[in-house]
Amino acid sequence: MQFDMVLKGGRVIDPAAGRDGVFDVAIAGGKIAAIESSLPANGPVTDVSGKIVLPGMIDTHGHIYQHVTGKFGLNADMVGVASGVTTVVDQGGPSCMTLPGFRAFIAEPAKTRVLCFISAYLVGGLEGHYYPELYGPDQVNVAHTVRVAKENPDIVRGIKAHAEIGGASRWGLDVIKLGKEIARGAGLPLYIHLGQLWPEKEGTHIDPDELVRELVPLMDEGDVLAHPFTRHPGGFISTETGDVHPIVWAALERGVTVDVGHGSHFSFDMARQVIAAGIKPYTLGADMHGYNVKIPNAGDDRSANPFFGVAPFNLTNAMSKILHLGMSLNDVVATVTSNPAKMLGMADTIGTLAPGREADVSVVEILNGAFELSDNSGVSVTAAKMIVPVFCLRAGERFVASSPLVPPAVEKIAA
Ligand SMILES: [Zn+2]
C-alpha cells in the first residue's frame with residue numbers, strides 16, 4: 001500500500017487504545033492507514049524519533065468567536081492547528097441567535113476542527129460576559145436554545161453556563177437552573193464555570209460555599225465542573241475549611257467530571273491542594289482568550305479587563321503544569337485526547353489513533369531542563385519537563401506549530 005506520509009519512530013501515547021511505545025504511523029487519503037512497530041517507507045517519511053505522537057489534541061475550552069465577541073475571541077487556527085491542537089471547543093461564545101455566524105465565519109473556514117458548547121444566554125459570551133445585566137434569567141430562552149442545539153449536532157456538543165457569586169447575588173441560581181433545562185432538553189452535557197466572574201450586586205453578600213452546596217445537586221453524570229483550581233472564590237476549596245468541599249466528592253461519584261479550564265485564574269496553590277486530596281482533572285481546557293494571552297500587535301491596553309493575565313500559558317504549557325504537579329504523562333495525555341472525546345460524545349470519531357479514522361495527530365516534544373512556569377497569583381515553579389508542540393496533522397494536512405500564542409519555553413539559568 002502507498003502512503004502519503006509515514007511518521008517514523010516516535011513514541012505513540014494513545015490512552016484510549018492502551019498504546020504507549022515506539023510505533024510508525026502511516027497516513028493515506030487524510031486517514032490513518034496503519035500503526036505498526038515498523039512500516040515500510042511506502043511514501044514520504046517524517047522522522048519523529050525522540051518525539052511523542054498523540055491522537056490530535058482537543059482543547060475543551062477555547063474562546064475563538066473572533067470579532068463577534070469583541071477583543072475576547074481569538075483566531076481559531078492560532079489556538080488550534082498552529083498550536084498543535086486539532087480540535088478546539090469554544091465555551092459559550094455562540095448563542096442560539098449567533099450560531100449560524102459561528103458556523104459560517106469561524107467553524108467552516110477554520111483548518112482546525114471547531115466545536116462549541118452553546119451559550120445558555122441569548123447574546124452569547126460577548127466580551128467574555130463583561131456586562132452582567134445581559135446574563136440574567138430574562139435573557140435566556142430555553143426552547144430556542146434547545147432547538148438550535150438539536151439542529152446543529154455536528155458543532156454543538158454541550159451547553160455553557162456560570163455558577164458564581166456575582167450572578168447569584170442578582171438572580172440566585174435561576175440562570176443555572178435554566179441552563180440545566182436546556183442541557184436536558186438538548187440531551188447534552190452542561191459545562192459550569194466556577195469562581196467569581198462578576199462583582200456582587202451592591203449591598204449583597206453571597207457565601208461561595210453555600211453556592212457550591214446548592215449547585216452541585218443540580219448536576220448529572222457527564223456534566224462538567226470547570227475551574228476547580230481557580231484563585232477566585234467559589235472553586236473546589238471551601239473558604240470555610242480550606243479543604244475540598246465535601247459536596248464536590250458527591251458530584252464526582254455521580255459521574256460529574258472536572259475540566260481544568262486553565263485561563264488567567266489557574267492557581268498552583270489551589271491545584272496542589274485539590275490534586276493532593278485525590279481529585280484528578282478529567283479534561284484540561286486551556287481557556288485562552290483575548291485578555292489572558294499576549295497578542296502580537298494588540299495595539300491597546302487590555303489590563304483593565306477583570307480577566308487580564310500576564311502569566312504565559314497555552315494547552316501544552318497547562319499540560320506541563322499538571323505533569324509537574326504529579327500526574328502521570330499518560331494521564332496528562334488522556335486529559336487532551338481520550339477523555340475530552342468522551343466528554344464531547346465523539347469517542348467514535350476523535351481522541352484515539354485507529355486505522356480508518358481521520359488523521360488528526362499531534363506531535364509534541366518533551367524538553368528536559370529547568371523551566372519556569374508561573375500563575376497569575378504570583379507563584380512560579382521550576383519544572384524539569386516542558387511539553388511543546390512541534391506540528392499536527394488535521395485530516396492528514398500538516399501544520400507547523402508556529403502560533404505566536406505558544407509561549408516560549410523559558411529555561412532558568414543557574415546563578
Ligand atoms: Zn473561558
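**Exercise 1. The zinc site**

His 61 is buried, its relative accessible area being 1%. In this predicted model, work out which atoms coordinate the zinc ion and where their residues lie in the chain.

*Solution.*

Step 1. List the donors. The zinc ion is coordinated by NE2 of His 61, NE2 of His 63 and OD of Asp 287, at 2.1 to 2.3 Å.

Step 2. Write the spacing in sequence. The donor residues follow the pattern H-x1-H-x223-D.

Step 3. Place the ends of this pattern. His 61 belongs to strand β6 (residues 57–62), while Asp 287 sits in the loop between α8 (268–276) and α9 (315–324). The two are 226 residues apart, so the pair links distant parts of the chain.

Step 4. Check accessibility. Buried means under 20% relative accessible area. Asp 287 has 5% and therefore counts as buried; His 61, at 1%, is buried too.

**Exercise 2. The sides of helix α2**

Sort residues of helix α2 (residues 99–107) into buried and exposed, and state how the buried ones are arranged around the axis.

*Solution.*

Step 1. Name the buried residues. These are Leu 99, Gly 101, Phe 102, Ile 106 and Ala 107.

Step 2. Look at their directions. They cover an arc of only 155 degrees around the axis, and so they lie on the same side of α2.

Step 3. Turn to the other side of α2. Pro 100 and Phe 105 are exposed there.

Step 4. Find the packing partners. The buried residues of α2 pack against the helices α1 (76–79) and α3 (142–151), and against the strands β7 (85–91), β8 (113–119) and β9.

**Exercise 3. Two cavities**

Describe the largest cavity and the second largest cavity by volume, and give the classes of residue in each lining.

*Solution.*

Step 1. Count the cavities. The whole structure holds five of 30 Å³ or more.

Step 2. Give the volumes. The largest cavity has about 140 Å³ of space, and the second largest about 100 Å³.

Step 3. Describe the lining of the largest cavity. It consists of 17 residues, with His 63, Phe 72, His 193, Asp 287 and His 289 nearest the centre. By class, three are nonpolar, twelve polar and two charged. His 63 and Asp 287 also coordinate the zinc ion.

Step 4. Describe the lining of the second largest cavity. Of its 14 residues, His 162, Gly 167, Ala 168, Gly 172 and Val 175 are closest to the centre. Ten residues of this lining are nonpolar, three polar and one charged.

Step 5. Assign elements to the second lining. β9 (156–163), α4 (165–171) and α5 (174–186) each supply at least two residues. The most come from α4, which gives three.

Key: Residues are numbered from 1 along each chain as its sequence is written. This is a predicted model: local features need pLDDT of at least 70, side-chain atom pairs count only at pLDDT 80 or more; totals for chains, interfaces and linings use all residues. Side-chain values use heavy atoms; hydrogens and water are left out. On a 1 Å grid over the protein atoms alone, a cavity is a set of points where a 1.4 Å probe fits but cannot get out, and a pocket is an open set with protein on both sides within 12 Å along at least five of seven lines; lining residues have an atom within 4 Å of a point. Grid points are joined across faces, edges and corners, and a volume is the space filled by probe spheres set on the points. Ala, Val, Leu, Ile, Met, Phe, Trp, Tyr, Cys and Pro count as nonpolar, Asp, Glu, Lys and Arg as charged, and the others, Gly among them, as polar. Helices (H or I, at least four residues) and strands (E, at least two) are DSSP runs, numbered from the N terminus. Buried means under 20% relative accessible area, exposed over 50%, partly exposed in between (1.4 Å probe, protein chains only). The arc is that of the directions from the helix axis to the C-beta atoms. Contact means heavy atoms within 4.5 Å. Donors are N, O and S atoms within 2.8 Å of the metal (3.2 Å for Na, K and Ca); water is not among the atoms, so sites may look incomplete.
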